[in-house]
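Q: I should like to learn how the features of a protein model are read from its coordinates. Could we work through one example together?

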Amino acid sequence: MIEYVFGVVVPYVAIVIFIIGVIYRIIEWAKSPVPLKIPTTAGQEFSPLPFIRRTVYDMVDCPQTKLGTVIRMFFEVFLMRSLFRNVRYYYDKNEHVDTRWLWFFAMAFHYSLLVILIRHMRFFTNPVPDIIETIDWVDGMMKYWVPSIYVTGVLALVSLAFLWGRRLFLARERTISLPSDHIPLILFAVVLISGTLMRYFIKIDLYDVKTLAIGLFTFQPPSYEVLRGIHWLFYVHLTFVSILIAYIPFSKLMHFVGIFFSPTRNMPNDNRVHIHINPWDPEIKGITWEEYYEMYKDQLDEIAEEGYKVRPEV
Ligand code: HEM
């Protein structure tokens, strides 16, 4: 029974919460008006003045067209461009300190997770597509252990340790870290550690896992016999993955969708070329002179008697 709850019910509930939650958040974001033109830029804006030149970095960091904005977004999403500028300036020492190790570990963490998820597709597919087999083979070229060690598995753990260590041990980062910053890291830590244990130390029956994974995917959960045969560590792994998935819509992990709705990133910096109208502005309906006169007839007549001209000149 307990195996059925953790192997079937919990993952399905998590997916439903994830789908409804993500759609809800997207609708909320899409409905939010953007009153101001607020792209954050870090480069020279386009100018028709010939002596104001722009480098290729300016064109990416300070786009003036929609195409430029798409290119900027591409660099942001795939290369974390803004994090690559992570340098600190200490005013008292007049010193620049390069802190781009954060960029390195953030990249390592995200790309490792991506490759791990692609590799995991081998549990959900039968036969396993060649591309997944190839990625699995390349990633597993460190044959110092049986089974071979995955580069991305190690990188994900190391980078998670750095990213979390930064929040735990650096005074400034610790001060600004909230529980909502630690929770995803804890969930990822449990998922990564349980996965690593299953692969290298506590061997589990992958045949049954695959039967369950494909069963979940095709909405035909396997028999109780199969579920009962799977090692408990797998259920720890799957349950924490489910908690992570269900937690996404309520958490900062939504940044993977939010980045596309971020007005500081998705707007071209064309303030000087196009007028940006605040969607909150009420529609202004003008009135005719006759309507105006009707509204303030007495006052206008009184003013006119004093010899002032009240009727507008046309
Ligand atoms: C957020 C999603 C997930 C992450 C980050 C994750 C991460 C990992 C990691 C790092 C490993 C160690 C081996 C490796 O590097 O591939 C692993 C192993 C494993 N994971 Fe996951 N996992 C996730 C989801 C799942 C799901 C949904 C299943 C269900 C089928 C699953 C089943 C397994 C199994 C069976 C192993 C052992 C593999 C082996 O012995 O070769 N994982 N996981």
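**Reading a predicted model**

A: Let us start with a single residue: Asn278 is buried, because its relative accessible area of 18% falls under the 20% limit. Please keep in mind throughout that this is a predicted model.

Q: Where does Asn278 lie, and what does its side chain reach?

A: Asn278 sits in the loop between helix 13 (263-266) and helix 14 (289-295). Its side chain reaches the backbone nitrogen of Trp280 at 2.8 Å.

Q: How is the length of a helix checked, and what is the result for helix 1?

A: The number of residues gives an expected span, which is set beside the distance between the end C-alpha atoms. With 30 residues (2-31) at 1.5 Å a residue, helix 1 should span 44 Å, and its end C-alpha atoms are 42 Å apart, so the two agree. For helix 9 (206-217), which has 12 residues, the distance from first C-alpha to last is 16 Å, close to the 16 Å expected.

Q: At which residue does helix 1 bend, and by about how many degrees?

A: Helix 1 bends by about 35° at Val9. A proline, Pro11, follows within four residues.

Q: Which residues of helix 1 are buried, and how should their spacing be read?

A: The general idea comes from helix geometry. An α-helix has 3.6 residues a turn, so residues three or four places apart point the same way. In helix 1 the buried residues are Glu3, Gly7, Val8, Pro11, Ala14, Gly21 and Val22. They pack against helix 9, helix 10 (224-229) and helix 11 (232-247).

Q: Which residues are buried in helix 9, and against which helices do they pack?

A: The buried residues of helix 9 are Asp208, Val209, Lys210, Leu212, Ala213, Gly215 and Leu216. Their packing partners are helix 1, helix 4, helix 10 and helix 11.

Q: What is found at the start of helix 9, and what follows the helix?

A: At the start of helix 9, a side-chain oxygen of Asp205 comes to within 2.9 Å of the backbone nitrogen of Tyr207. The helix is followed by Phe219, whose phi is positive, near 55°.

Q: How should a positive phi be read, and is Phe219 buried or exposed?

A: Most residues other than glycine have a negative phi, and most peptide bonds are trans. Phe219, a residue other than glycine, has a positive phi. It is found in the loop between helix 9 and helix 10, and it counts as exposed because its relative accessibility is 65%. Asn94 also has a positive phi, of about 50°, although it is not a glycine. Asn94 is placed in the loop between strand 1 (87-90) and strand 2 (95-98), and it is exposed, with a relative accessible area of 57%.

Q: Where are the cis peptide bonds that precede Pro127 and Pro147?

A: The bond from Asn126 to Pro127 is cis, with omega near 0°; Pro127 lies in the loop between helix 4 (101-124) and helix 5 (130-139). Val146 and Pro147 are likewise joined by a cis peptide bond, with omega about 0°. Pro147 has its place in the loop between helix 5 and helix 6 (151-169).

Q: How can residues far apart in sequence be linked in the fold, as with Phe234 and Leu113?

A: One examines distances and contacts beyond the neighbours in sequence. Phe234, in helix 11, is buried at 9% relative accessibility. Its C-alpha is 7.6 Å from that of Ser194, 40 residues away along the chain. Outside its sequence neighbours within four places, Phe234 contacts Met198, Ile204, Val209 and Leu212. Leu113, in helix 4, is buried at 17%. The C-alpha atoms of Leu113 and Leu155, 42 residues apart along the chain, are separated by 9.2 Å, and with sequence neighbours within four places set aside, Leu113 contacts Phe188 and Leu192.

Q: How many residues surround the ligand, and which come nearest?

A: There are 24 residues around the ligand, and Arg119, His120, Arg122, Arg199 and His237 come nearest. The shell divides into 16 nonpolar, five polar and three charged residues. Helix 4 gives the largest share, eight residues.

Q: Which polar side-chain atoms approach the ligand, and at what distances?

A: An N or O atom in the side chain of Arg119 is 2.6 Å from a ligand oxygen. For Arg122, a polar side-chain atom lies 3.1 Å from an oxygen atom of the ligand. A polar side-chain atom of His237 lies 2.8 Å from a ligand nitrogen.

Technical notes:
Residues are numbered from 1 along each chain as its sequence is written. This is a predicted model: local features need pLDDT of at least 70, side-chain atom pairs count only at pLDDT 80 or more; totals for chains, interfaces and linings use all residues. Side-chain values use heavy atoms; hydrogens and water are left out. Helices (H or I, at least four residues) and strands (E, at least two) are DSSP runs, numbered from the N terminus. The expected span of a helix is 1.5 Å times one less than its number of residues. The bend at a residue is the angle between axes fitted to the seven residues ending there and the seven starting there. Buried means under 20% relative accessible area, exposed over 50%, partly exposed in between (1.4 Å probe, protein chains only). Contact means heavy atoms within 4.5 Å. A residue is near a molecule or strand if one of its heavy atoms lies within 4 Å of it. A polar contact is a pair of N or O atoms within 3.5 Å; within protein, one must be able to donate a hydrogen and the other to accept it, and residues adjacent in sequence count only if both atoms are side-chain atoms. Ala, Val, Leu, Ile, Met, Phe, Trp, Tyr, Cys and Pro count as nonpolar, Asp, Glu, Lys and Arg as charged, and the others, Gly among them, as polar.
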